[in-house]
Amino acid sequence: MVVNVPSLGLFGLSGYPVSVECDISRGYPGFEIVGLPDAAVREARDRVRSAVSNCGFLFPAQRITVNLAPADRRKEGTLYDLPILVGLLYATGQLSLLPEGCAFLGEVSLSGALRPVRGVLPMALAAKRAGYHALFLPRENAPEAALAEGLQVYPVEHLQQLADHLSGRSTIAPAPPWEPGEEEEHLPDFGDIKGQEQVKRAAEIAAAGGHHLLMVGPPGSGKSMLAKRIPSILPDMTREEALEVTGLMSVAGLLDPERPLALHRPFRSPHHTVSAPALAGGGTALRPGEVSLASHGILFLDELPEFSRDTLEVLRQPLEDGQVQISRVSGSVVYPSRFMLVCAMNPCKCGWYGYDSSRCRCSRRDVEKYLSRLSGPLLDRIDLQVEVPALSFEELEQRRGGESSAAIRERVEQAREIQRRRFAGTGVDCNAHMGQQELRAFCALDEAGSAVMRGAYQRMGLTARSYDRLLRVARTIADLAGEEQISARHLAEAIGYRTAKQLAGR
């Protein structure tokens, strides 16, 4: 007898329907799972056998064959334990009727208790698209799955509880939609920072337009302190952005069961010893890397030249395309990587070149060697490059802090609202992501602006890419000023953020 139990699979950030076909036939007792299972799926045989026996059911002493269709896609993880077990119980008549329109997923312990699995939200959305109206899964995963609106989610704690529900002896109440509580996020505030007005202005422009930012300065000048306060001035995520971030965190196994929906923009700060696969993503399971986990948020790279050059070069495609394609022997997957890159670096190995000649121990050759770790194409993709000078004693002695994050964020949100109205229906969400069509439509220069751009292009040796990025930054500066047209003043300020003296000649 063959029983088909609907389930789901996960490939990258996309879920897809899987049919778990269970066949019990005469012959020498055995238990085979086919359909490109990995080791974790094959081990379901032992977990299911023990769970069936320990929950008071009879395990058939016959030949059991389980096929995971479509059979040409690799199946990974422990999420097929539950549909395999349900299929066996129906095939042996220990459960009477399999309800239609329902899907099952979850790991089963040897005692029959259900354990959570990763990647539930993408699979729940796939179940909804496939026309399923109910999903049975472990209780810990229920709040996450309930984010897929319009799908009834049944939280299951134990196999016996599920059997009683399917047999009509008792009922499992569907999980209610998850609602966030009155939780206030406490982020570091820009009001703590003294001085550095130009850098704070650059951070405001970066946040308002989604631009990439590089800060160059000596040790202790406040680069990391500034970077960690940028999340406090970013606008809230939209529902679509929050679901995408939640899905990425779920696939990576980083989602907090108590907070199944990501409410705040991510801030990822990998150490400079991070490997290229950890940054871009990959591994045998093709997991998302740091560039994807930072989507719709910030990827902060402190001490930028200390990262290996090969690691930094993997940033080029995500910065340009907003997505990263990971190709391995096991397959190829595309993850979103629409993040805001924030970097900090010293001007030389000791950190004082160009600021305090008495403290700098580096020769010109040492400085060139240090900066050569950063390729020209990578720097060309960073919109704002600003100096962060050391603070004077008088600035440190000031008791009054700077402008608060709340005041800066208000201006950022006003600029983002202008961009939302401007790009409505285009798929573009901020100025940094404008394509050529939007650049032509919204970044036209008058005669004075063209003269300023022509002079900068010839004097600074700009590329076509940096030309476009200057236009995007100037558009953001105009939005912050509430002006419809880009003027020469806006363009001149944008050009000023690409002239860090420490990077001259790079």
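The exercises below, each with a worked solution, deal with aromatic rings, a sheet and a cavity in one predicted model.

Residues are numbered from 1 along each chain as its sequence is written, and side-chain values use heavy atoms, with hydrogens and water left out. Because the model is predicted, local features need pLDDT of at least 70 and side-chain atom pairs count only at pLDDT 80 or more, while totals for chains, interfaces and linings use all residues.

**Exercise 1. Aromatic pairs**

Task: Classify the pair formed by Phe31 and Phe59, and say which parts of the chain the pair ties together.

Solution: A pair of aromatic rings is described by the distance of the centres and the angle of the planes. Rings of Phe, Tyr and Trp (its six-membered ring) pair if their centres lie within 6.5 Å, and planes under 30 degrees apart count as stacked, over 60 as edge-to-face and the rest as tilted. The search of the whole structure finds six aromatic pairs. In one of them, Phe31 and Phe59 lie 6.0 Å apart from centre to centre with 40° between the planes, and the pair is tilted. Next, locate the two residues, using helices (H or I, at least four residues) and strands (E, at least two) that are DSSP runs numbered from the N terminus. Phe31 lies in strand E3 (residues 30-34) and Phe59 in the loop between helix H2 (44-54) and strand E4 (63-69), so the pair ties together parts that are 28 residues apart in sequence. For accessibility, buried means under 20% relative accessible area, exposed over 50%, and partly exposed in between (1.4 Å probe, protein chains only). Phe31 has 6% relative accessibility and therefore counts as buried, whereas Phe59, at 22%, counts as partly exposed.

The pair of Phe267 and Phe300 can be worked in a similar manner: the ring centres are 6.0 Å apart and the planes stand at 35°, so this pair is tilted. Phe267 belongs to strand E11 (residues 267-268) and Phe300 to strand E14 (residues 298-301), so that distant parts of the chain, 33 residues apart, are linked. Phe267 is partly exposed at 29%, while Phe300 is buried at 1%.

**Exercise 2. A strand in its sheet**

Task: Describe how the side chains of strand E10 point, and find the place of E10 in the sheet.

Solution: In a regular strand the side chains alternate between the two faces of the sheet. In E10 (residues 213-216), Leu213 and Met215 point one way and Leu214 and Val216 the other way, and all are buried. Two strands pair if DSSP finds at least two bridges between them. Four bridges join E10 to strand E17 (residues 340-345), and these strands run parallel; in E17, Leu214 has Cys343 as its bridge partner, and Val216 has Met345. Four bridges also join E10 to strand E18 (residues 384-387), again in parallel, with Val386 as the bridge partner of Met215. The five strands form an open sheet in the order E11-E14-E17-E10-E18, with parallel pairing, and its edge strands, E11 and E18, each pair on one side only.

**Exercise 3. The cavity**

Task: Which residues lie nearest the centre of the largest cavity?

Solution: A cavity is a set of points on a 1 Å grid over the protein atoms alone where a 1.4 Å probe fits but cannot get out, and lining residues have an atom within 4 Å of a point. The search finds one cavity of 30 Å³ or more, and about 150 Å³ of space lies in the largest cavity, a volume being the space filled by probe spheres set on the points. Of its 13 lining residues, Arg265, His296, Arg338, Arg416 and His433 lie nearest the centre.

Conventions
1 Å grid on protein atoms, 1.4 Å probe; cavity = no way out; pocket = protein on both sides within 12 Å on 5 of 7 lines; lining within 4 Å.
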